[in-house]
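Q: Please take a close look at one helix of this protein and the parts around it. I would like a connected account that I can follow with the model open.

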Amino acid sequence: MPGKMGSAPDPQAYLATLGGWQAGCVRALRQAVLDAATLEERIRWGHLVYAANGPVCLIRAEPARVLFGFWRGQRLRAIEPRLKPGGKYEMATLELGAGDAIAATVGRALVTEAVALNASLGDPTDLKAARAAGPPRTR
């Protein structure tokens, strides 16, 4: 299983290391992400990271779960209430286990909105821009 140590050199190699339910889950999430927007796809911190005007989302396979995370995910909870807030940069992640799923339409909607947020608010890792954007909206 890919991890921070000895990570895959590129997205295709990362996918090749996966097996079982994680492989199918990561492939489905990746397809939803790539269908939603034109993003830079790379390996960062040992997992898949997608960027447009800063990081947008990540997909990380672990032994017992797959994480689908968004840098501005706290602003996306109206689209997917299962997103759990945590960490810096308004992060929120969806934890998927064996048998869990997210509809491709929901995955695409999350990515589309996350890209739009980066376009309007700037790079979420730019702390000056994040302060100017203000707290996450609640709906």
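A: Start with Cys 57, which counts as buried because its relative accessibility is 0%, under the 20% cut-off for that label. This value, like the others here, is computed from a predicted model. A second cysteine, Cys 25, is also buried, because its relative accessibility of 12% falls under the cut-off of 20%. In general, a disulfide is a covalent bond that links the sulfur atoms of two cysteines. A search for such bonds through the whole structure finds 0 disulfides.

Cys 25 leads to the helix to be looked at, since Cys 25 is one of the buried residues of H2. Helix H2 runs over residues 20-36, which makes 17 residues. From the first C-alpha to the last, H2 reaches 25 Å, close to the 24 Å expected at 1.5 Å a residue. Along H2, the buried residues are Gln 22, Ala 23, Cys 25, Val 26, Leu 29, Arg 30, Ala 32 and Val 33. The list includes Arg 30 and Gln 22 as well as Val 26 and Leu 29.

Two of these buried residues, Ala 32 and Val 33, also take part in the meeting of H2 with another helix, H3. Helix H3 covers residues 104-121. On the H2 side, the residues in contact are Ala 32, Val 33, Asp 35 and Ala 36. On the H3 side, they are Ala 104, Gly 107, Arg 108, Val 111 and Thr 112. The axes of the two helices are 8 Å apart, and the helices pack at an angle of about 50 degrees. H2 is therefore oblique to H3. The crossing of H2 and H3 is right-handed.

Ahead of H3 there is a loop, between strand S6 (92-96) and H3, and Gly 99 lies in that loop. Gly 99 counts as exposed because its relative accessible area is 80%, where the label requires over 50%. Cys 25, by contrast, is buried at 12%. Along the chain, Gly 99 and Cys 25 are 74 residues apart, yet their C-alpha atoms are separated by 9.2 Å.

Now place the helix in the whole protein. The secondary structure comes to 4 helices and 6 strands, and their order along the sequence is α-α-β-β-β-β-β-β-α-α. The protein has 139 residues, of which 45% count as buried. Of the contacts between residues at least 6 apart in sequence, 54% join residues at least 24 apart.

Definitions and conventions
Residues are numbered from 1 along each chain as its sequence is written. This is a predicted model: local features need pLDDT of at least 70, side-chain atom pairs count only at pLDDT 80 or more; totals for chains, interfaces and linings use all residues. Side-chain values use heavy atoms; hydrogens and water are left out. The expected span of a helix is 1.5 Å times one less than its number of residues. Buried means under 20% relative accessible area, exposed over 50%, partly exposed in between (1.4 Å probe, protein chains only). A disulfide is a pair of cysteine sulfur atoms within 2.5 Å. Axes are lines fitted to C-alpha atoms, for helices over the stretch in contact, and angles run from 0 to 180 degrees between N-to-C directions. Angles under 35 degrees count as roughly parallel, over 145 as roughly antiparallel, 65 to 115 as roughly perpendicular and the rest as oblique. A crossing is left-handed if the near helix is turned anticlockwise from the far one by less than a right angle, and right-handed if clockwise. Contact means heavy atoms within 4.5 Å.
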